[in-house]
Protein chains: 2
Amino acid sequence: MADVAAVAGVSHQTVSRVLNDHPNVREGTRVRVLEAIKELGYRRNLAARALATAQTRTIGILTIGSEFFGPQSTVLAVEAAARAQGYFVTMTSMDSYDFGGAVTALNHLTDQSVDGVVVVAPHDKVTAAIDDLKLKVPVVVVAARTDVPAGDPVHYVYVDQRDGARQATEHLLSLGHRKIVHVSGPSGWFDATERNIGWREAMAAAGNDAVEFPAESWLAPSGYAAGVSLAPRVKAGEITAVFASNDYLAIGLLRAFWEAGLSVPEDVSVVGFDDLQIAEFYIPKLTTVRQPFADVGRAALTELLGGERGLQEPRMIAPTMVVRASTAPPPRN
Amino acid sequence: MADVAAVAGVSHQTVSRVLNDHPNVREGTRVRVLEAIKELGYRRNLAARALATAQTRTIGILTIGSEFFGPQSTVLAVEAAARAQGYFVTMTSMDSYDFGGAVTALNHLTDQSVDGVVVVAPHDKVTAAIDDLKLKVPVVVVAARTDVPAGDPVHYVYVDQRDGARQATEHLLSLGHRKIVHVSGPSGWFDATERNIGWREAMAAAGNDAVEFPAESWLAPSGYAAGVSLAPRVKAGEITAVFASNDYLAIGLLRAFWEAGLSVPEDVSVVGFDDLQIAEFYIPKLTTVRQPFADVGRAALTELLGGERGLQEPRMIAPTMVVRASTAPPPRN
DNA sequence: TCGCATTTTGTTAGCGCTAACATAATGTAA
DNA sequence: TTACATTATGTTAGCGCTAACAAAATGCGA
């Protein structure tokens, strides 16, 4: 910076002013400084700036360390939005979904003096760690947590999972299904819990029993296992439709049903959740609930940088029902 | 740090020594300092450290801004490996795959004084930008670039795409196929180019013509479009097998063939590339080439931090053929 | 016990930037 | 023109850490 100042014939502080768009710099001086900067290929040292200002203009993203479609898309959107706002992004993922893993990951971010944190890890162990740590920087969590106490400094942004599950369930009910099973996501995950609640509410409203089949994980093998268990009951006429807590589970289910000789949607209807890229290309095309992950990512960053503007209310984004070919009226016995 | 020093009754420099595992610190002193650190909940300011040492212990990851399975998995693995080595990770993605977009993204990383960069964006525009910029920090690119000049400071780590394509092609040839078409990936991408070469080599070695059908993108809709075009030729007996440049394309293809009333693998065989999580659950289960993305990520980081150890030769990792149910001998007319 | 090598601890300066204040230049009303 | 407000620029100090050197404490052989 001193070199630039020398070339432009000004003090280093004036260079700093130009760099920070300070108003009180004469146009001629600004131009000379800018030219010197270009000539020397100067780039300011951000570590020094961070030290002097106690601000890094960096946000941290904490994410789960797995290849799930939703979180990944959200992270990408957060990063793009942050960059557009002139922020840098540092990312870390968790080795395990327990309290300690979450604390370690959070510390890893705060060690870097991030100006804010976006957490894309909708697991209750993670939120517990956040509550416990009482971070000094703003935190936005992408998780459908509905029991947030009023005035909680941590903000939540999410897709209305409960509503999505309700839509999915009502779609099946409106087709005439009554014997429906929900293959629910693994415990600890807010999305699983909320979808479960939405499902129960819709079933209760229609006066039906809400039968669940808990999946071991979010992945296709678990859906497949569920399908293997459920197929005989479908054949016995005890089940006419399945609402799976995500598309991976739905696809596993579809595969298991196919292997059991069941036709979807003729013998049994299946609904998923997420709308994976390939949902539309599966055989049959999968009826599912689309989550606008990119919107969530953008909203989370806006919330983070927006500061104390307005209310503390969680930002909730609506999912969309996408009806394709894996659902139809139940068989007539 | 001064506070810690006061509590422990030492100078701040001794605290610094403890923090940096300097050998010449008496055990008793070290313990006292450690206790003071714990008592005060002290965490060192990394911006100051970076300023003093001119090292950030941060590596930058440049990635494409899309939800592709491979790059995403690789990024996750790089992050985990970096964290295990005590490095921080800052990430940025590109808005566009042109030269300018790559330069902007690279500058975004170097502005943060990263100690090294891992590029997970196997596109020729990106490598062109890297060559042009002559970065002062070590760079490792995850891309199957084979024309790297000897002594190039940029190192390349990748899966042997050419070999994978050869395996896929030979698998089809060994089943008896001769009329094979390769649905190739979009231009500019190293993976597409290399798979194309591997395919041609294998076909040439078997004395067959190598017929290609270029896809517009890496995504399922492009595979579907290819399938729509190819289906009549399959029916006419002009094609008995298709090697798609990735699994998304293969799935689009499968869907299009299914809609055209063609059975896979009875009427036509299909091979993909990548081994997506759901490849095993598609109907039929997809025969494909598995890429060990996590291994690549780890290898890239090792290469980056390993420094000038050993040769400059690109690190090449072998893919594995996974034979499932989408391939079979050609129909007997 | 002394003298010297070795280990341990302390002191000073500076990394490159910005905040706060000081000074100089300019504009404007009387 | 002068006096004073306003704008533009310069000077100084310090952010929290580590490198380099200085000084003190310790160990050890004679």
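**How the labels in chain A are earned**

Author: In this predicted model, helix H8 (residues 161–174) of chain A lies across S6, S8 and S9 of chain A, at about 170° to S8(A).

Reader: What makes H8(A) roughly parallel or roughly antiparallel to S8(A)?

Author: The angle is about 170°. Angles over 145 degrees count as roughly antiparallel, so H8(A) is roughly antiparallel to S8(A).

Reader: And what is the angle of H11(A) to S8(A)?

Author: Helix H11 (residues 247–259) of chain A runs at about 150° to S8(A) and lies across S6, S8 and S9 of chain A. The cut-off is over 145 degrees, so H11(A) is also roughly antiparallel to S8(A).

Reader: How do you know that S6 and S8 of chain A pair?

Author: Two strands pair if there are at least two bridges between them. Four bridges join S6 (residues 180–184) to S8 (residues 241–244) of chain A, so the two strands pair. They run parallel. A:Val181 stands opposite A:Val242 in S8(A).

Reader: Why are S7 and S9 of chain A called edge strands?

Author: The open sheet has the order S7-S6-S8-S9 (chain A). Strand S7 (211–214) and strand S9 (269–271) of chain A each pair on one side only.

Reader: Why is H2(A) called roughly perpendicular to H3(A)?

Author: Helix H2 (residues 12–19) and helix H3 (residues 27–40) of chain A pack at about 90°, with axes 10 Å apart. Angles of 65 to 115 degrees count as roughly perpendicular, so the label applies to H2(A) and H3(A). Their contact includes A:Val15 of H2(A) and A:Val33 of H3(A), and its residues divide into six nonpolar, two polar and one charged.

Methods
Residues are numbered from 1 along each chain as its sequence is written. Chains are lettered from A and ligands numbered from 1 in the order in which they are written. This is a predicted model: local features need pLDDT of at least 70, side-chain atom pairs count only at pLDDT 80 or more; totals for chains, interfaces and linings use all residues. Side-chain values use heavy atoms; hydrogens and water are left out. Contact means heavy atoms within 4.5 Å. Axes are lines fitted to C-alpha atoms, for helices over the stretch in contact, and angles run from 0 to 180 degrees between N-to-C directions. Angles under 35 degrees count as roughly parallel, over 145 as roughly antiparallel, 65 to 115 as roughly perpendicular and the rest as oblique. Ala, Val, Leu, Ile, Met, Phe, Trp, Tyr, Cys and Pro count as nonpolar, Asp, Glu, Lys and Arg as charged, and the others, Gly among them, as polar.
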